[in-house]
Amino acid sequence: MFKFNEILSEDKVKGLSSIVLAFVGDAVYSLFVREKLVSCSDAKTGELNKLSSSVVCAKAQAKTADKLLPLLTEEESDIFRRARNAKKGAKAKNASVVEYNKSTGFEAVVGYLYLLGRYERLDYLLNVEVDNEN
């Protein structure tokens with residue numbers, strides 16, 4: 001039986017493709033943004049969706065990646081680079097190739113940390129970005 005939010009072994013996570021890590025990271029980051037919006041806003045769902053979409057998009061994630069790159073460990077930087085450089089089956093709407101590649105790298109780092117259960121590190125990195133928004 002699979003347990004929700006189960007931490008995977010390092011070998012298992014390192015064996016996943018960077019695109020799979022980005023797939024997970026996209027969902028984790030989206031949930032983080034949605035939780036943040038709900039916790040500090042009493043907006044209705046339509047407005048919450050607009051706000052969320054403006055943050056969880058390739059353009060915004062590329063900007064986030066630029067801010068976080070100097071803070072990444074060597075291991076996290078390797079994950080970022082592999083995902084940024086990976087061949088992707090799709091391209092982002094409303095974003096350049098460079099922005100899309102950076103956003104994929106960002107999502108892969110998020111997915112990597114999440115699957116390994118490195119929640120404190122993930123929380124730190126995501127909140128650094130939140131702090132920089134203000």
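## Reading helices, core and empty space

Modeller: Let us start with S18: leaving out neighbours within four places in sequence, S18 is in contact (heavy atoms within 4.5 Å) with R82, A83, A86 and A108. This is a predicted model, in which local features need pLDDT of at least 70 and side-chain atom pairs count only at pLDDT 80 or more, while totals for chains, interfaces and linings use all residues. Numbering runs from 1 along each chain as its sequence is written, and side-chain values use heavy atoms, with hydrogens and water left out.

Colleague: Where is S18 found, and is S18 buried or exposed?

Modeller: S18 is found in helix α2, helices being DSSP runs of H or I with at least four residues, and strands runs of E with at least two, numbered from the N terminus. With a relative accessible area of 11%, S18 is buried; buried means under 20%, exposed over 50%, and partly exposed in between, with a 1.4 Å probe and protein chains only.

Colleague: How should I read a nonpolar core, and how many residues has the largest one here?

Modeller: In soluble globular proteins, nonpolar side chains tend to be buried together. The core is a set of buried Ala, Val, Leu, Ile, Met, Phe, Trp, Tyr and Cys residues joined through side-chain atoms within 4.5 Å. The largest one has 29 residues, and L21, Y29, F106, Y112 and L126 have the most contacts inside it. At least two residues of this core come from each of α2 (18–39), α4 (58–68), α5 (74–85), α6 (97–115) and α7 (119–133). The largest share, eight residues, is supplied by α2. Beyond its neighbours within four places in sequence, Y112 is in contact with V13, K14, L21, E75, I79 and R118.

Colleague: Which residues of α5 are buried, and how do they sit around the helix?

Modeller: An α-helix has 3.6 residues a turn, so residues three or four places apart point the same way. In α5, the buried residues are E76, S77, I79, F80 and A83. Down the axis of α5 they fall within an arc of 160° (taken from the directions from the helix axis to the C-beta atoms), so they line one face. Exposed E74 and N85 are carried on the face of α5 turned away from its buried side.

Colleague: And the empty space: what volume has the largest pocket, and which residues line the largest cavity?

Modeller: Rolling a probe the size of a water molecule over the atoms shows where empty space is left. On a 1 Å grid over the protein atoms alone, a cavity is a set of points where a 1.4 Å probe fits but cannot get out; a pocket is an open set with protein on both sides within 12 Å along at least five of seven lines, and lining residues have an atom within 4 Å of a point. Points are joined across faces, edges and corners, and a volume is the space filled by probe spheres set on them. The largest pocket has a volume of about 480 Å³. Of its 17 lining residues, F4, N5, V28, L31 and Y114 are the closest to its centre. The largest cavity has a volume of about 80 Å³, and A65, L68, L69, L72, F80, F106, V109, V110, L113, L122, L125 and L126 line it. Here α6 gives the largest share, four residues.

Colleague: What is the phi of N5?

Modeller: Most residues other than glycine have a negative phi, and most peptide bonds are trans. Phi of N5 is positive, near 65°, and N5 lies in the segment before α1 (10–14).
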